[in-house]
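Open the model in your viewer and keep the sequence panel visible. The tour goes from one selection to the next and says what is there.

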Amino acid sequence: MEYAGFYWVGLIFWLLISSGFILLIWGLRKKSWKTLIVSGAALILPTLYFGGAESWFKLVAFLPMIPFILAYIIKKTNV
């Protein structure tokens, strides 16, 4: 039995990825470390899917580290 309906998991997956990148760009433009933290948190769940890959796609799992590192740098320079 095949179910051909709306795929909520795919929608949530792509919404998290797009919101993560939008928040990353917005956080960099506004130099807001809080926005970068939310961006990294939004990117964690989708990148865990790629963390189980067999090839070089495992490296995509390190993508959320970029906003977290940038948030740390921005917070340290603004203090």
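Which residues are buried in α1? Select Phe13, Ile17, Gly20, Leu23, Leu24 and Gly27: these are the buried residues of α1. Buried means under 20% relative accessible area, exposed means over 50%, and partly exposed lies in between (1.4 Å probe, protein chains only). Helices are DSSP runs of H or I with at least four residues, numbered from the N terminus.

Before going on, note that this is a predicted model, in which local features need pLDDT of at least 70, side-chain atom pairs count only at pLDDT 80 or more, and totals for chains, interfaces and linings use all residues. Residues are numbered from 1 along each chain as its sequence is written, and side-chain values use heavy atoms, with hydrogens and water left out.

**Stop 1: helix α1**

Keep α1 selected and show what lies around its buried residues. Their cover includes α2 and α3. The end C-alpha atoms of α1 are 32 Å apart, which agrees with the 33 Å that its 23 residues should span at 1.5 Å a residue. The expected span is 1.5 Å times one less than the number of residues.

Now pick Ile25, which is also in α1. Ile25 counts as exposed because its relative accessibility is 54%. From Ile25 to Phe57 the C-alpha distance is 23 Å, and the two are 32 residues apart in sequence.

**Stop 2: the loop after α1**

Select Lys31, in the loop between α1 and α2. Its phi is positive, near 55°, and Lys31 is not a glycine. Most residues other than glycine have a negative phi. Lys31 counts as exposed, at 55% relative accessibility.

**Stop 3: helix α2**

Select residues 33-51, the 19 residues of α2. From first C-alpha to last, α2 reaches 25 Å, close to the expected 27 Å. Where does α2 bend? Look at Leu45: the bend there is about 40°, and Pro46 follows within four residues. A bend is the angle between axes fitted to the seven residues ending at a residue and the seven starting there.

Next, colour the buried residues of α2: Thr35, Leu36, Ser39, Gly40, Ala42, Leu43, Pro46 and Thr47. They pack against α1 (8-30) and α3 (65-78).

Two of these residues are worth a separate look. Thr35 counts as buried because its relative accessible area is 17%. Leaving aside neighbours within four places in sequence, Thr35 is in contact (heavy atoms within 4.5 Å) with Leu23, Trp26 and Gly27. Gly40 is buried, at 0% relative accessibility. With neighbours within four places again left aside, Gly40 is in contact with Pro64, Pro67 and Phe68. Draw a distance from Gly40 to Lys76 as well: their C-alpha atoms are separated by 18 Å, and they are 36 residues apart along the chain.

**Stop 4: helix α3 and a surface patch**

Select Met65 and Ile73. Met65 is found in α3, and so is Ile73. Met65 is partly exposed, with a relative accessible area of 43%, and Ile73 is partly exposed at 44%. The C-alpha atoms of Met65 and Ile37 are separated by 9.8 Å, with their positions 28 residues apart along the chain.

Finish by adding Trp56, Phe57, Leu59, Phe62, Ile69 and Tyr72 to the selection: with Met65 and Ile73 they make a nonpolar surface patch of about 930 Å². Such a patch joins nonpolar side chains (Val, Leu, Ile, Met, Phe, Trp, Tyr) within 5 Å, from residues with over 30% relative accessible area and no salt bridge. A salt bridge is a side-chain nitrogen of Lys or Arg within 4 Å of a carboxyl oxygen of Asp or Glu. Accessible areas come from the Shrake-Rupley method with a 1.4 Å probe.

Notes:
Helix = DSSP H or I, 4+ residues; strand = E, 2+ residues; numbered from the N terminus. Patch = residues over 30% accessible without salt bridge, like charges linked within 9 Å, V, L, I, M, F, W, Y side chains within 5 Å.
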